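Visitor: Could you walk me through the charged pairs here, and then the enclosed space?
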Amino acid sequence: MLTTFAVKNYRGFAERICWDLTSPSNYAFNTYAVKDGVIKNGIIYGPNGSGKSNFALAIFDIENHLSQKWKKPDYYSNFATAGHDNEPVEFEYSFRFGLDNQEYSYKKDKDGKLIAEKLCVNGNLVFDSNSEALVICDEFPIDANVKEKLRKNTNGMSLVNFLTATYPLPENHYLLELKNFADTMLWFKSLDKREFIGLDTNASFLEEEIIKLGLMADFKDFLLNVSGQEFDFAKPVDGDKVLKCIINGVQIPFNRVASTGTISLQVLYIWLKKMGRASFVFIDEFDAFYHFRLAYEVCRKLFELPCQVFLSSHNTYLMTNDLLRPDCNFILAHNVIKPLCDCTDKELRFGHNIEKLFRANAFSAL
């Protein structure tokens, strides 16, 4: 699980910002949102322009150099903070895998090339690589010539990738755990266009995938259960790539009768089918086209997943103790991200109307 994340000099975050998921409060309700002392589910709120989207994208930078899964083509546009192009972009991650605590940090230049990298496991240094020197533990003996090339790192290759590709490692080795976590991360949003990072190796056409996998009946049940909408899908024929609905005996393409919110649900449906193998999921502006009650039901479904799931939203209807807890609702503003419980001196209990308190500006610690 991801336990902490920090970034500096990334887009709008000129100064270091840190997100700590290891300090949940002792709330006795909605305990599913915390696992092994780490916050598993949460929602990030914040005013427009506060950096919610960029913060989420920063978390997924690790996927860009450790994974071969799908990447955002324009990810490295405006990568470094404006006016700080000559300074490195710095990333810090902490993970907990079973009994192992890993601290992985690295730096990249303005074009996204890896220029420094460090890994510690349970407080013990595994490697530390930068332009000045390369230090690596005795577990990985490396020829002096190879070591010098790795230090220069002219191609920006990650040492994690080099070591996992070069040395035979036992199952559940700490390097494999780190790499597998990055390999199964998923970020996506569905606004004017479908965008995602990780988990899959290529983009696919949603309706074609539903037809190919024979999921029309299941998709129909999903829409009914989550949104209360009932569609009668026509049985596809060979070569069909578009879902069709039967309305008054007439077959009409689904995308012509479905609302923007329902199309967004279609995106969510496909990803839900794949999230069983995900390690960490972040959905940006997940409810931009949802009715507020629909957003609540979608959250319920997402938070049932075994992986860490976080969302960004402006919908304060979701800011309720019926869904999460004050330590799992985060506010991002002014280069700081904090849980609600740390944004007030007031003791927050299950019976409090968190949304009402928020609208009354009770959370002003930022």
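Guide: What follows takes salt bridges first and cavities second. This is a predicted model, in which local features need pLDDT of at least 70 and side-chain atom pairs count only at pLDDT 80 or more, while totals for chains, interfaces and linings use all residues. Residues are numbered from 1 along each chain as its sequence is written, and side-chain values use heavy atoms, with hydrogens and water left out.

Visitor: How many salt bridges does the structure hold?
Guide: There are 11, a salt bridge being a side-chain nitrogen of Lys or Arg within 4 Å of a carboxyl oxygen of Asp or Glu. One of them joins Lys108 and Asp61, at 2.8 Å from N to O.

Visitor: Buried or exposed, those two, Lys108 and Asp61?
Guide: Both Lys108 and Asp61 are buried, where buried means under 20% relative accessible area, exposed over 50% and partly exposed in between, with a 1.4 Å probe and protein chains only.

Visitor: And what about Arg349, which residue does it form a salt bridge with?
Guide: Arg349 pairs with Glu347, their closest N and O atoms lying 3.6 Å apart, and both Arg349 and Glu347 are exposed.

Visitor: Is Lys110 buried or partly exposed?
Guide: Lys110 counts as partly exposed because its relative accessibility is 37%, whereas Asp111, its salt-bridge partner at 3.6 Å from N to O, counts as exposed because its value is 53%.

Visitor: New topic: which residues does the lining of the largest cavity have, by class?
Guide: That lining has 8 nonpolar, 2 polar and 3 charged residues, where Ala, Val, Leu, Ile, Met, Phe, Trp, Tyr, Cys and Pro count as nonpolar, Asp, Glu, Lys and Arg as charged, and the others, Gly among them, as polar. A cavity is a set of points, on a 1 Å grid over the protein atoms alone, where a 1.4 Å probe fits but cannot get out, and lining residues have an atom within 4 Å of a point.
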